[in-house]
Amino acid sequence: MWRDCLLPVMAVSLAAASPAHAFMAYVSNEKSNTVSVIDTDSWTVTKTIKVGQRPRGIEFTRDGKFVLVAVGDDDKIEVIDTKTQQVVDSLPSGPDPELFTQDAAGKTLYVANENDNTVTLIDLEKRVRLGDIQVGVEPEGMAISPDGKILINTSETTNMAHFIDTVSRQVVANVLVDSRPRFAEFKRDGSELWVSSEIGGTVSVIDPAKHAVTGKITFEIPGLRREAIQPVGIGMTKDGKTAFVALGPANRIAVVDGTSHAVKKYLLVGQRVWHMAFTPEEKYLLVTNGVSNDVSVIDVGAQKVIKTIQVGELPWGITMAPP
Amino acid sequence: MIRWLVAAICICVAATPVFAADPLEIGIGYLGHAGIKAKLSLVEQPAENDGVAGAQLAIEDNNTTGKFLNQHFTLEEVRLKEGDDIAKAATALADHNGFIITDLPADELLKAADALRGRGTVLLNAGAIDDRLRETDCRANIIHVAPTRSMLADALAQYLVWKQWKRWLLVAGSHDQDKLYADALRRAASRFGAKIVQERTFEDTGGARRTDSGVTLIQRQMPVFTQAAPAYDVLVAADESEVFASYLPYRTWDPRPVAGSAGLVPASWDAAQDQWGAVQMQNRFMKLNSRHMTALDMQAWTAVRMLGEATSRTNSGDPKTVFDFLKGPDFSVAAFKGQRLTLRDWNLQLRQPILLVDGRMVVSVSPQEGFLHQTSELDTLGIDRPETKCKLH
């Protein structure tokens, strides 16, 4: 209610903000029910947008005009207009939406509904619900294959990556991975699918054609007990040569060779690192640190943390404006 | 080796998206007593389906997974009445279930385990917290999902010591299990550096739990009972029999917090637990059962989920294959506790964080920071490998 009163005020203050050529990163703050906007030139928060309850999954639309943010405790996805930087609409997901992905054309949105064992399909243009697909218990991670044919959903308690045909909307294969799979990411050439298992402590490398786990990436950090290493977010460079894996309460990002799957380095970031986003030219990688309430900036080439930016409470998801 | 196995299973799964064959049936029994053990607090009265409701939810969860693996789980519940033959009931359940979840007192659990010895049936103890079941009386065919008294006591002690509430007034009930809990608390105090400044026993003289004029009397009794104690920081109550502990908070002679069987209580689960994705679980449970989820529900849920985990990993419902996997190095289960849970191989006890709850909120989760261990910090809770008296055979 009071948000309605607040919005006009925000709009006025926003008119002054000028869109620079810097990239804009949007960060969802799970606890403070806000989205922080980061300018990658000045590395400062230029705007804090009030959103619904418990914002987590966050992504730009393909055209860059809107940012979608799943507000789980409000059972919907809110639409932020990037021009006015305010919530302008919402999409009808199922209960407790968390992560979502969209097809290459930006027409269909696929949403994992944690409470309902379903993936919901939403028409992004008409902003209506198209239907549901039944998956395993506690659906979470979502990814779409580069050719757009296969949608991946991971289910946290079923411990599977479900392969869903985007045309027939049927589950065509299921691959068992380690406990509590949270995130899925394809290599750009479609040759590999990586799935992180938070409780299992591994990243499974899956051959998407054979539907088989072909390798497992494990992490060992001296002085840290095994239970504290909980892989969540994954980011891969476009050439597929380098991957970054957020290790949750281990407070580190693992740098992994995309070809050999060997862990090359651990970068110390903030506390409980969740998700990440590259700047479009892949010069920088921004990662959200849930417990320390900040975002670490990694220089991708140098593989070094160069900056920390304070955001809202319990930052979770992050998305970068397309160029 | 394992990697090959995983790959092999995945190929099998992928190759058969549509199952023509009948699903693999996995029968799980649930053996408990009829009736409930009354609590002092009306809001804490257990439901008739306390425990088994958690098992049922896990059966649903397993069957959702099972749809993709062509596995189907069923639950058969047997409630014993006064005078029923436990060995006979267990044997009858084992005739069509390879696995039995139990909520039985220690001696009855041992009778069931011994009756089924050599049959290959796997028992999963969801209800009994007695340390002796994992120590001198341990059995090779029982997995213990319930935490032990010593794990609960250690979890509480670590927090109280971290809080610098190191001087304890220990008040124990007069029943056997109260004395066992007091033993565990004494052990915890000496392990973690707390001091029991005095011990008192609250004799159970019988009588009704609720009376029309009850509160007035309690308000006079409890201050008197706790007066003239040496200087202490916290009153620690051992009252598993539900005779007095819940009457202590706000009624002690000295203004001191209460912990143990009332006040700050160590438990494997609580309806207030909402960390690490637990809200989804609480919601699923509420939807299915129209009530909050208790520690016993969670212990039964975890037991059934452990079986689901093992059957999906091994692609088998054979009790021996499943049991071997559960005992092996690759087993772990996720149970909304922020880290993987594994089995102690020396006595088949499930390692688990313990919540400290006050009836409305989760105050903390043990093990506490700084209590270190060479293998797993979870092994700072309860009797550890070097001290164990268990010999599995």
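**Helix packing in chain B and the contact with chain A**

In this predicted model, helix α3 of chain B spans residues 86-96, and its buried residues are B:Ile86, B:Ala89, B:Ala90, B:Leu93 and B:Ala94. These five sit on the same side of α3(B), because the arc they cover around the axis is only 135 degrees. That fits the usual helix geometry: with 3.6 residues a turn, residues three or four places apart point the same way. Flip to the other side of α3(B) and the exposed residues turn up, namely B:Lys88, B:Asp95 and B:His96. As for what lies over the buried residues of α3(B), the cover includes three strands of chain B, β1 (24-33), β2 (71-80) and β3 (99-103), along with helix α4 (106-115) of chain B.

Elsewhere in chain B, helix α2 (residues 52-69) packs against helix α8 (residues 278-289) at an angle of about 110 degrees, and their axes are 10 Å apart. Since angles of 65 to 115 degrees count as roughly perpendicular, that is how α2(B) runs relative to α8(B). On the α2(B) side, the contact uses B:Ala53, B:Gln56 and B:Leu57, while α8(B) brings in B:Arg284, B:Phe285, B:Leu288 and B:Asn289. By type, the contact of α2(B) with α8(B) has four nonpolar residues, two polar and one charged.

Then there is the contact between the chains, which draws 29 residues from chain A and 24 residues from chain B. On the side of chain A that touches chain B, strands β15 (171-176) and β19 (212-218) of chain A each supply at least two residues. The biggest giver there is β15(A), with six residues. Sorted by type, this side of chain A has 10 nonpolar, 11 polar and eight charged residues.

Methods
Residues are numbered from 1 along each chain as its sequence is written. Chains are lettered from A and ligands numbered from 1 in the order in which they are written. This is a predicted model: local features need pLDDT of at least 70, side-chain atom pairs count only at pLDDT 80 or more; totals for chains, interfaces and linings use all residues. A residue is buried if 20 or more other C-beta atoms lie within 10 Å of its own, exposed if 12 or fewer, and partly exposed in between; C-beta atoms are placed from the backbone. Helices (H or I, at least four residues) and strands (E, at least two) are DSSP runs, numbered from the N terminus. The arc is that of the directions from the helix axis to the C-beta atoms. Two residues are in contact if their C-beta atoms, placed from the backbone, lie within 7 Å. Ala, Val, Leu, Ile, Met, Phe, Trp, Tyr, Cys and Pro count as nonpolar, Asp, Glu, Lys and Arg as charged, and the others, Gly among them, as polar. Axes are lines fitted to C-alpha atoms, for helices over the stretch in contact, and angles run from 0 to 180 degrees between N-to-C directions. Angles under 35 degrees count as roughly parallel, over 145 as roughly antiparallel, 65 to 115 as roughly perpendicular and the rest as oblique.
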